[in-house]
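Me: I would like to go through some of the labels attached to this model and ask, for each one, what justifies it.

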Amino acid sequence: MMEFSNWDIIKNLLIAARWTVGLSLIAFLCGGFVGALLLVLRLSKIRGMDRFVSLYVQLFQGTPLLMQLFLSYFGLALIGIETTALQSATLALTLFTSAFITDIWRGCVIAIPKGQWEAAQSLAMSFGEQLRYVILPQAVRIAIPPTVGFSVQVVKGTALASIIGFVELTKAGGMISNATYQPFLVFSVVAAIYFVLCFPLSLYAKMLERKIHAQRR
Amino acid sequence: MGVELDFLAVLKEWPLLLRGLVWTAGLTAVATVIGMAVGITCAWVRSSGPLWARAVVGAYVEVIRNTPFIIQLFFIFFGLPSLGVKMSPDVASLLAMVLNLGAYATEIIRAGIEATPKGQIEAAVSLALNRVQVFTRVVLPPALKKVWPAMVSQIIIVMLGSAVCGQVSTEELSYAANLIQSRTFRAFEAFIIATVLYLGLAIAIRSLLNWAGARFLFGR
């Protein structure tokens, strides 16, 4: 049997952690893109869109991420698409992330005083121009702290991709702990790596929030 | 290509689903009660306890909030036995849920406590209430009232997160769905039905807690 030194354990976990970071970035970028799309749809006042998006949000915020992962894993197979664990995880995490992000960003747009919309309208700007030149520049500023804060949830959410067999930090931790019989050490290190990834984001979000509130006073 | 969905095969196993649903709801209920107690205690320590205790609570909150629930669960279920602390899957799941909810509840309730106007506390003190009375009668009820919506959302997040507990063979709803799919080979249908049940449970919990909070916790 192969012997694992403590350093081997840590090294292998760090290698696997790259996939946690990678999957987080993929989920965050795709989720942000879809979330922005949904937000624009919702603001566009196209009939039925508001209902649709709020249903979408309720659906993905009201069901476990684990179930979403299973459904994307088995559902895609069912309609005959051969998928890897990475693709299923990407799909599920994108849907999950977009549902939260679109809601967060909507809150930020709503926080912009109505007079801004009306002023933009009275300058004969189109809907696109109103968003592009008046609303979004202001909304983005207040959207950054909660978005950074939510990114922590995305990083933690990627841990569930381990259950459908995607080898990232959590899955690697399970495998290594099975091979070494040192679950206490392994899961301590895994937790520490997650903490190192997430804590700076949490702190940064808190700092940004304080900054914005300071400006308002 | 045609896709045939057979929900009946899954629905025939309804006793399993019902059992799973009851387990999920039960775990959530117990975790909510204990987790809230942990949260209130820790929030009190954090806002008016001794310095070292504040640091301990702060570390607890940050460690829990910055690591995934599944790792907390695995650490408790797989990691702790090597220190001689062995638990059944159910106890491990419950402990993980309590610790998780407790940390978030601490932060949420603390925000409510800090929003209490200083004059109210001074008024209470001048009426000769002692520290405990000031906290439980003057500070806590309006604080809970203020943060109750956030609290309810967090409880639902913990309930949804408990789907992971099936991974250590706690027999909750996602475990039941897994069992059914391995019996019937109807994976997609089994998970669809479980997902719908989770959604229903989330909606039910939200309306129950919104009602119960106003009725019992800070009511009138």
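Me: What makes the meeting of the side chains of D103(A) and R42(A) a salt bridge?

Reply: The model is a predicted one, and in it the N to O distance between D103(A) and R42(A) is 3.9 Å; since the cut-off is 4 Å between a side-chain nitrogen of Lys or Arg and a carboxyl oxygen of Asp or Glu, the pair qualifies as a salt bridge. D103(A) belongs to helix α4 (residues 85–110) of chain A and R42(A) to helix α1 (residues 6–43) of chain A, so the pair ties together parts that are 61 residues apart in sequence.

Me: Why does D103(A) count as partly exposed, and why does R42(A) count as buried?

Reply: D103(A) has 30% relative accessibility, which places it between the limits of 20% and 50% and therefore makes it partly exposed. R42(A), at 12% relative accessibility, falls under 20% and is therefore buried.

Me: How do you know that E107(B) and R65(B) form a salt bridge, and which helices do they lie in?

Reply: Their closest N and O atoms are 3.9 Å apart, which is within the 4 Å that the rule allows. E107(B) lies in helix α5 of chain B and R65(B) in helix α3 of chain B, so this pair ties together parts that are 42 residues apart in sequence. E107(B) is buried, because its relative accessible area of 12% is under 20%, whereas R65(B) counts as partly exposed at 22%.

Me: Which residues are linked with E107(B) and R65(B) in a network of salt bridges?

Reply: The network also holds R46(B), R110(B) and E114(B). R110(B) and E114(B) form a salt bridge with their closest N and O atoms 3.5 Å apart, and both lie in helix α5 of chain B, four residues apart, about one turn of the helix. E114(B) counts as exposed, because its 53% relative accessibility is over 50%.

Me: Why is E172(B) said to have no salt bridge?

Reply: The nearest side chain of opposite charge, that of R19(B), is 11 Å away from E172(B), and a salt bridge would require a nitrogen within 4 Å of a carboxyl oxygen. E172(B) is nevertheless buried, and its side chain makes a polar contact of 2.7 Å with that of S174(B).

Me: What salt bridge is found across the interface of chain B and chain A?

Reply: The rule finds one, between E62(B) and K206(A), whose closest N and O atoms are 3.7 Å apart and hence within the 4 Å cut-off.

Definitions and conventions: Residues are numbered from 1 along each chain as its sequence is written. Chains are lettered from A and ligands numbered from 1 in the order in which they are written. This is a predicted model: local features need pLDDT of at least 70, side-chain atom pairs count only at pLDDT 80 or more; totals for chains, interfaces and linings use all residues. Side-chain values use heavy atoms; hydrogens and water are left out. Buried means under 20% relative accessible area, exposed over 50%, partly exposed in between (1.4 Å probe, protein chains only). Lys and Arg count as positive and Asp and Glu as negative; His and the chain ends are not counted. A polar contact is a pair of N or O atoms within 3.5 Å; within protein, one must be able to donate a hydrogen and the other to accept it, and residues adjacent in sequence count only if both atoms are side-chain atoms. Helices (H or I, at least four residues) and strands (E, at least two) are DSSP runs, numbered from the N terminus.
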